[in-house]
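Hi,

Here is the model I said I would pass on. Have a look at it first, and my notes follow underneath.

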Amino acid sequence: MATEHVILLHGLWMRAFAMGLLRRRLIEQGFQVHRFEYMSVAGTPGRAIVRLQRKMRELAPGPVHLVGHSLGGMLALLACMDTDLPDGRIVCLGSPLAGSAAARGLISHWGGDRLLGNARELLEHGFESWDGPRAVGMVAGYLPMGLGSVVGELADEHDGSVAVAETRLPGLADHCLVETTHTGLLMSAEVARQAAAFLRDGRFMAAPAAAG
């Protein structure tokens, strides 16, 4: 059986070490896991995508999956619009695929051009839909604690930085909710289990039945 590789992509203002706990949990699930570091503000998405695609091809011929937190999930989608890459799936963790109200708030009121750098356009507008060659699953948090609600008008249900509505996009294969914050998506054991399930089966696990 071919080795299944997973590449982890961190989010805005983060570094690859932030993915350490998730990496360990996915290794325990049987995957070969690699962290991918890029400059989320000073670098351009285009440069990160070229490097990411090169890394994916180096890990072939087995499946090469991507798991991206926030901005990292958006970069994963951009990278996988190409069809000449190894097979695999994508899991996004709290990625504002439909565009980020928090980013728009930063730009309008807080001098966010410098804070968002070259990620501005992608975060501000997001995607209209997904029709790429890979199945994409989304894990969204809904514990509303974080600065995103201060800088932007978030919808009723959000993870403190990204509204649940912003994580929904036409073309997603599956979507699930976990009670955690935006940063907490990286720490949650449940998120890691759900991500592993989607990478293997193309769907998330059913939510446990409520006790009663």
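First, a cut-off you'll need: a residue is called buried under 20% relative accessible area, exposed over 50%, and partly exposed in between. T44 sits at 31% relative accessibility, so it lands in the partly exposed class. Bear in mind throughout that this is a predicted model.

While we're on T44: you'll find this residue in the loop between β2 (32-36) and α2. Which residue lies 5.4 Å from T44, C-alpha to C-alpha, despite being 74 residues away in sequence? That would be N118.

Now the overall picture. The protein has 8 helices and 6 strands, and going along the sequence they come in the order β-α-β-α-β-α-β-α-α-α-β-α-β-α. Of the 212 residues, 52% are buried. If you take the contacts with a separation of 6 or more, 73% of them join residues 24 or more positions apart. The accessible surface adds up to about 10100 Å², with carbon and sulfur atoms holding 51% of that area.

Two helix pairs are worth pulling up in your viewer.

The pair α2 and α3: helix α2 covers residues 45-59 and helix α3 covers residues 71-79, and they pack with their axes 10 Å apart at an angle of about 65°. An angle of 65 to 115 degrees counts as roughly perpendicular, and therefore α2 and α3 get that label. The crossing of α2 past α3 is right-handed. On the α2 side, the residues that meet α3 are P45, A48, I49, L52 and Q53, and their partners in α3 are L75, L78 and A79. By type, this contact has 7 nonpolar residues, 1 polar and no charged ones. As for the spacing you may notice in such lists, an α-helix has 3.6 residues a turn, so residues three or four places apart point the same way.

The pair α1 and α8: here the axes of helix α1 (residues 20-28) and α8 come within 10 Å of each other and cross at roughly 50°. That angle makes α1 oblique to α8. This crossing is right-handed too. L22, R25 and L26 are the α1 residues involved, and they meet A189, A192 and A196 in α8. The α1 contact with α8 divides into 5 nonpolar residues, 1 charged and no polar.

Back to α3 for a moment, since there is a bit to say about its cover. How many of the 9 residues in α3 are buried? The count is 8, which leaves the helix mostly covered. The buried ones are L71, G72, G73, M74, L75, A76, L77 and A79. Among the elements that cover them are α2, α6 (120-125) and the strands β1 (5-9), β3 (64-69), β4 (90-93) and β5 (136-141).

One last residue, this time in α8. Q194 is found in that helix, which spans residues 189-201. Is Q194 buried or exposed? Its relative accessible area is 4%, so Q194 is buried. Setting aside neighbours within four places in sequence, Q194 is in contact with V139, C176, F204 and M205. V139 falls within β5 (136-141), one of the strands already listed as cover for α3.

Happy to go through any of this with you.

Cheers

Key. Residues numbered from 1 in each chain as written. Predicted model: local features only at pLDDT ≥ 70, side-chain atom pairs only at ≥ 80, totals over all residues. Heavy atoms only, no water. Axes fitted to C-alpha atoms, helices over the stretch in contact; angles between N-to-C directions. Helix = DSSP H or I, 4+ residues; strand = E, 2+ residues; numbered from the N terminus. Parallel < 35°, antiparallel > 145°, perpendicular 65-115°, else oblique. Left-handed = near helix turned anticlockwise from the far one by under 90°. Contact = heavy atoms within 4.5 Å. Nonpolar A, V, L, I, M, F, W, Y, C, P; charged D, E, K, R; others polar. Buried < 20%, exposed > 50% of the residue type's maximum accessible area, 1.4 Å probe, protein only. Areas by Shrake-Rupley, 256 points an atom, 1.4 Å probe, with all protein chains shown as cover.
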